Amino acid sequence: MTEDTFAIQTEKLSKRFGHFVAVNSVTFNVRRGTIFGFLGPNGAGKTTTMRMLLGLLRPSGGKAKILGYDVAHQPRAVKKRIGYMSQRFSLYDDLTVEENLLFFGRTYGLRGARLRERIQYALRMADLIGREQTPGRELAGGFRQRMALGAAILHDPELIFLDEPTAGVDPVSRRSFWELLYQLVNDEGVTIFVTTHYMDEAEQCQELAFIHGGQIVAQGSPADLKVTLMRGVVIELTPDDPPEAMRLLKEASAAGALRVDDIALYGAQIHLVAQDAAQAQQQLAEVLTTGGVQFDPPDVIRPSLEDVFLSAIR
Ligand SMILES: Nc1ncnc2c1ncn2[C@@H]1O[C@H](COP(=O)(O)OP(=O)(O)OP(=O)(O)O)[C@@H](O)[C@H]1O
Ligand SMILES: [Mg+2]
């Protein structure tokens, strides 16, 4: 494998803040021209890792290469070639869409015809044609996100870092944002490193890494992770009283009357992870019937990435 294969290579990358280890010896590679998803709960170390890759934060240990350049020794070469949309990115509310893009373009060193050409590209890509004179403050959520992405790619970067770019955005806008990401990868050959809390977005990545407590606990394609990480099968149950069903099932599990590895509530449904599905289904039916909870016949389902993630953390 050569440097042409990978856009990002890290080796035992670590970050300590005082005695606290925020990122603990993280090693992963990101292939060029792919979307790599970086997942983990709040405080897991996602933003800290990204800031080290961007050259904004000095690692306490380990190495990172971006597009073949060492982040610690060639930060300027790296900076020119990457785009970044920060977790709490901000546009200038009092500037129009066009003025915002002009401002960001100039900070990347673009001038004249090249600057105008790239702004036109960003406006088209973000579907902002006709909104050039709209003040930032009047842009709705989905447009703001696309405009921020447009600003991050003005200098035609080869690699884009997106830190929770769709947090708090409605599902339709999230979907159109991801279509844009795919367009950038397929048409322009860029590489995308993205963090998200949305499992439907994680499913769209070619490769995922789960980080938890500063350590990578699992890595692979969404499909591979479901096969390799999921110990046991997932049974989905829809009871008429989910909280009461949860209480009964947990009690039975603690007492040994129900053999399951995990019980979790997802909205109105309960997911149970079991080694022996038939036995668990029989036992849970007994527990719920005795407890007076009605339920639809439970199904063995394909695990979601959320199930896989919980299984990996355990
Ligand atoms: N400058 C800092 N000084 C001290 N601790 C920090 C600093 N930056 C981050 N941390 C801590 O490091 C840990 C990882 O933080 P980080 O922001 O990387 O998490 P995250 O995975 O991005 O979380 P979120 O999903 O909430 O954005 C947290 O416990 C955080 O409080
Ligand atoms: Mg973060």
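User: What makes the two domains count as being in contact, and how many residues are involved?

Analyst: Nine residues of domain 1 are in contact with six residues of domain 2. Two residues count as being in contact if their C-beta atoms, placed from the backbone, lie within 7 Å. One thing to keep in mind: this is a predicted model, where local features need pLDDT of at least 70, side-chain atom pairs count only at pLDDT 80 or more, and totals for chains, interfaces and linings use all residues. Residues are numbered from 1 along each chain as its sequence is written, while chains are lettered from A and ligands numbered from 1 in the order in which they are written.

User: Which elements of domain 1 supply the side that touches domain 2?

Analyst: At least two residues each come from α7 (199-202), β9 (207-212) and β10 (215-220). Those names go to DSSP runs, numbered from the N terminus: helices are H or I with at least four residues, strands are E with at least two. By class, that side of domain 1 has seven nonpolar, one polar and one charged residues. Here Ala, Val, Leu, Ile, Met, Phe, Trp, Tyr, Cys and Pro count as nonpolar, Asp, Glu, Lys and Arg as charged, and the others, Gly among them, as polar.

User: Where do the domains begin and end?

Analyst: Domain 1 covers 6-224 and domain 2 covers 230-313. The bounds come from an automatic or database domain assignment. The C-alpha centres of the two domains lie 38 Å apart.

User: Why are α3 and α4 called oblique to each other?

Analyst: Helix α3 (residues 97-107) and helix α4 (residues 112-125) pack at about 130°, with axes 10 Å apart. Axes are lines fitted to C-alpha atoms, for helices over the stretch in contact, and angles run from 0 to 180 degrees between N-to-C directions. Under 35 degrees is roughly parallel, over 145 roughly antiparallel, 65 to 115 roughly perpendicular, and the rest oblique. So α3 and α4 are oblique.

User: What meets what between α3 and α4?

Analyst: From α3 come Glu98, Leu101, Leu102 and Gly105, and they meet Leu115, Arg118, Ile119 and Ala122 of α4. Sorted by class, this contact has five nonpolar, one polar and two charged residues.

User: How do you know that β1 and β2 pair?

Analyst: Two strands pair if DSSP finds at least two bridges between them. Strand β1 (residues 6-17) and β2 have eight bridges and are antiparallel, so by that rule they pair. One bridge links glutamine 9 to asparagine 29 in β2. Glutamine 9 also stands opposite lysine 65 in β4, and five bridges join β1 to β4.

User: What makes β2 and β5 the edges of their sheet?

Analyst: The open sheet has four strands in the order β2-β1-β4-β5, paired antiparallel. β2 (20-31) and β5 (69-70) each have a single partner strand, so one side of each lacks a neighbour in the sheet. For β5, two bridges connect it with β4, and tyrosine 69 in β5 stands opposite isoleucine 66.

User: Which residue takes a positive phi in the hairpin of β4 and β5?

Analyst: That's leucine 67, with phi near 50°; the hairpin has two residues between the strands.

User: Which strands does β11 pair with?

Analyst: Strand β11 (residues 233-237) is joined to strand β13 (residues 269-274) by five antiparallel bridges, with isoleucine 235 opposite leucine 272. β11 also pairs with strand β14 (residues 299-301) over three bridges, again antiparallel.
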